[in-house]
Amino acid sequence: MASQRAVQLSLKKPTHAVCVVGVETLVDVYSDVPRGANTFGVSGSSEVKIYMVYDPARVAEPTGRAHWPLDANVDVVVVADTVSKDMNDLKVKVSYFGSQEAGALGHSMLFLTSVDVSLDADTGRTGKVKRGSGDKKTWRWGSGGSGAILLVNCDRDIRGSREDLHASHLRSLEDLQDMSPMVLSCSGPDELFESHKLVLKVSLPDSRRLRVFCARGGTSLSDYKQVLGPYHQEYEVERHPGEGNIRFYVEGLVFPDTNFPGLISLSVSLVVTEALSEVSLFTDSVTFRVAPWIMTPNTQPPLELYVCSVTDAHGRNDKFLEDMAHLAQKANCKLVVCPQVENNNDRWIQDEMEFGYIEAPHKSFPVVFDSPRNRGLRDFALKKILGPDFGYVTREIQYAGASGLDSFGNLDVSPPVRVGNKEYPLGRILIGGNFPKSSGRRMARVVRDFLQAQQVQAPVELYSDWLSVGHVDEFLSFVPTSDQKGFRLLLASPSACLQLFQEKMEEGYGEAVQFDGLKHKAKRSINSILADEHLRRDSTHVQKCIDWNREVLKRELGLSESDIVDIPQLFYLKGAYAEAFFPDMVNMVVLGKYLGIPKPFGPIINGRCCLEEKVRSLLEPLGLYCIFIDDFLSYHQLLGEIHCGTNVRRKPFSFRWWNSVP
């Protein structure tokens, strides 16, 4: 509600003023008082509520025929509860009395014209615009919170164009569904608006972050006019005679980021135009928050599985595509194959992009985050995924090239977690970087800042710089479970692998060999692996790196040891950085309860791979199905795994982000 405006009265002539329905107007009863008067009384039209504001310690409310004292700082406040039908049709009368109370010494008359001015959006978050009765300027988080929400209009409703947010004019009526409706109430006598105007405003910084279209009654594109946005901070509203409501549509142009917390305010002012200098009588404001980009964890049901068709020195990857089709069919998930002509023989589709979504009460749609990696797949997300109700966002690194840690195999998100008394109902983003307070590789600041600014999935930076590629998906993954916890964290474990091999050696299987049946890899027996001091030393180093991350994950995600499953996995050092000794089983694709796991080609014991059997024994009791996929030639030789060569779009959370408390 606007601050009170004072109206001075006169004994010599009536005073005329404009007021806004529901807004307090202070009546100055002290500026022109008859000589000898020491009390006063106030009366008015039935449509006007009159309030006396006073200090009960100094004055008591008059009874009977008594009046209010003039020397006790009693304020008179009036509020109109209906819109005027005609000019000056509401009346307030102030009468002044002397000590004898014989009769009034004088009267002051106030004639009011009441108008309805209100700027409203979906502050109740119901999907509908309702008249706001509370504080529309303050945006509040939580299930009991309030405040309107704005979507970045980053999809493309017209084929062949860029994202809709780049268009200064409406390109399709469907585009209105991506925008947040806003309604300006402006009822009142038409004559009033001959001497008053309504002005819609936005600040200069915020004008670059939104665009507002005004609907003018028709159903053609030309009936929607851009009135605010870049280079347009102010709009004098075109009100037609008899018009009581004017509809607007608001679109976001930018996501929250390091210099933009996501809040945008719009205001409308009722301005007097008769005076020598224009005077604002009343201002109403509404604040929007731009919806954040939200990632989905492995625990969310899969909708689409993306893979690439490529050709390398060993031929086409048709067998891998067949295996992925089989896996997708089991998970009732659509398979999307990116052809070689579109991927330029770049198979690493997880490294290129990450799927997420944005949501408002009236609309939600998926948004792909394109990494700054920019290799063969650099144009795929923009040219082939961006479309109607499928948005696109990216962050580019200025003045420097991307490092391996800027690929999105180095970007993951946990399932929902509770850490002490703090809830993370949308999980927490996980990224990899260098060891704290040391030099080394980190994800680019422009990407880290973007992720941090979304607020609802507070990022955790892990230590991944010990790996050659440097991605978190090389040592961790999350899988869904049907128990109360709902998920498990999988961590690669050299110690678990060496312990398994030690047990098999003691059982008499020391001559069983790793990589049996592979033409391009030397076989290694369990005995030779256990006797390899270099490999053991490397494994000890890697285990320390993973254990450091283990403690961070337990602390930042509120996990206990029972929430973690150690997956046997060996690494070796190549220079200062580690690489997987055999296909990295943690680097799996998770499609509901079906897991596409890189086939490790472990030692065969009694006709079965002991590594596969161990992983099955760890995961299948949790209700999961382990499907081991031979990707050795196509993937492991190129330092990648199944997760890096696939990408999954998942179902959004049912939990609505604005009900969280960051």
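The following paragraphs lead through this predicted model, from the overall form of the chain to individual strands, a helix and selected residues.

The chain holds 662 residues, and its secondary structure comes to 10 helices and 44 strands. Its C-alpha atoms fill a box of roughly 120 × 55 × 45 Å along the principal axes. The radius of gyration is 34 Å, whereas a compact globule of 662 residues would have a value near 26 Å. Buried residues nevertheless make up 56% of the chain. Contacts also reach across the sequence: of those between residues at least 6 apart, 71% join residues at least 24 apart.

One of the sheets may be considered next. It is open and consists of 5 strands in the order β10-β18-β17-β12-β15, with mixed pairing. The strands β10 (148-150) and β15 (234-236) stand at its edges; each has a single partner strand, so one side of each is left without a neighbour in the sheet. From one strand to the next, the twist averages 30 degrees. For the edge strand β15, the pairing with β12 (residues 196-202) is antiparallel and comprises 3 bridges. Within this pairing, Lys201 has Glu234 of β15 as its bridge partner.

A further set of pairings can be followed from β9 through β11 and β16 to β13. Strand β9 (residues 104-121) runs antiparallel to β11, and 6 bridges join them; one position in this pairing is Ala121, whose bridge partner in β11 is Met182. Strand β11 (residues 180-187) is in turn joined to β16 by 6 bridges, again in the antiparallel sense. Here Ser180 has Val250 of β16 as its bridge partner. Strand β16 also pairs with β13 (residues 210-215), antiparallel and over 6 bridges, and in that pairing Cys214 is matched with Phe248 of β16.

How far are β11 and β16 covered? Strand β11 is mostly covered, with 7 of its 8 residues buried. Strand β16 (residues 245-252) is likewise mostly covered, with 6 of its 8 residues buried. As general background, the side chains of a regular strand alternate between the two faces of the sheet.

Val367 offers a view of a buried strand position. This residue is found in β25 (residues 363-370). Val367 counts as buried because its relative accessibility is 0%, and the limit for that class is under 20%. Although Val367 and Tyr357 are 10 residues apart along the chain, their C-alpha atoms are separated by 4.7 Å. Beyond residues up to four places away in sequence, Val367 touches the stretch Glu354, Phe355, Gly356, Tyr357 and Ile358, as well as Phe390, Gly391, Tyr392 and Val393. Cys154 and Trp293 are also among the residues that Val367 touches.

Ser309 provides a case of burial in a loop. The residue is located between β20 (302-308) and β21 (311-312). Its relative accessible area is 9%, and Ser309 is therefore buried. With residues up to four places away in sequence left out, the contacts of Ser309 include Arg316, Asn317 and Leu321. The contacts of Ser309 also include Val337, Cys338, Pro339, Gln340 and Asn343.

Two asparagines in other loops draw attention through their backbone geometry. Asn73 has a positive phi of about 55 degrees although it is not a glycine. Its place is in the loop between β6 (68-69) and β7 (75-80), and at 56% relative accessibility Asn73 counts as exposed. Asn88 has a positive phi of about 60 degrees, and it too is not a glycine. This second asparagine lies in the loop between β7 and β8 (90-97). Asn88 counts as partly exposed, at 26% relative accessibility.

The path closes at helix α9 (residues 533-557), which has 25 residues. From its first C-alpha to its last, α9 reaches 35 Å, close to the 36 Å expected at 1.5 Å a residue. What caps the N-terminal end of this helix? The cap is Asp532, of which a side-chain oxygen lies 3.1 Å from the backbone nitrogen of His534. Just after α9, Gly558 takes a positive phi of about 65 degrees. As a general point, an α-helix has 3.6 residues a turn, so residues three or four places apart point the same way.

How values were computed: Residues are numbered from 1 along each chain as its sequence is written. This is a predicted model: local features need pLDDT of at least 70, side-chain atom pairs count only at pLDDT 80 or more; totals for chains, interfaces and linings use all residues. Side-chain values use heavy atoms; hydrogens and water are left out. Helices (H or I, at least four residues) and strands (E, at least two) are DSSP runs, numbered from the N terminus. Buried means under 20% relative accessible area, exposed over 50%, partly exposed in between (1.4 Å probe, protein chains only). Contact means heavy atoms within 4.5 Å. The expected span of a helix is 1.5 Å times one less than its number of residues. A polar contact is a pair of N or O atoms within 3.5 Å; within protein, one must be able to donate a hydrogen and the other to accept it, and residues adjacent in sequence count only if both atoms are side-chain atoms. Two strands pair if DSSP finds at least two bridges between them. Axes are lines fitted to C-alpha atoms, for helices over the stretch in contact, and angles run from 0 to 180 degrees between N-to-C directions. The radius of gyration is taken over C-alpha atoms; the globule rule is 2.2 Å times the number of residues to the power 0.38.
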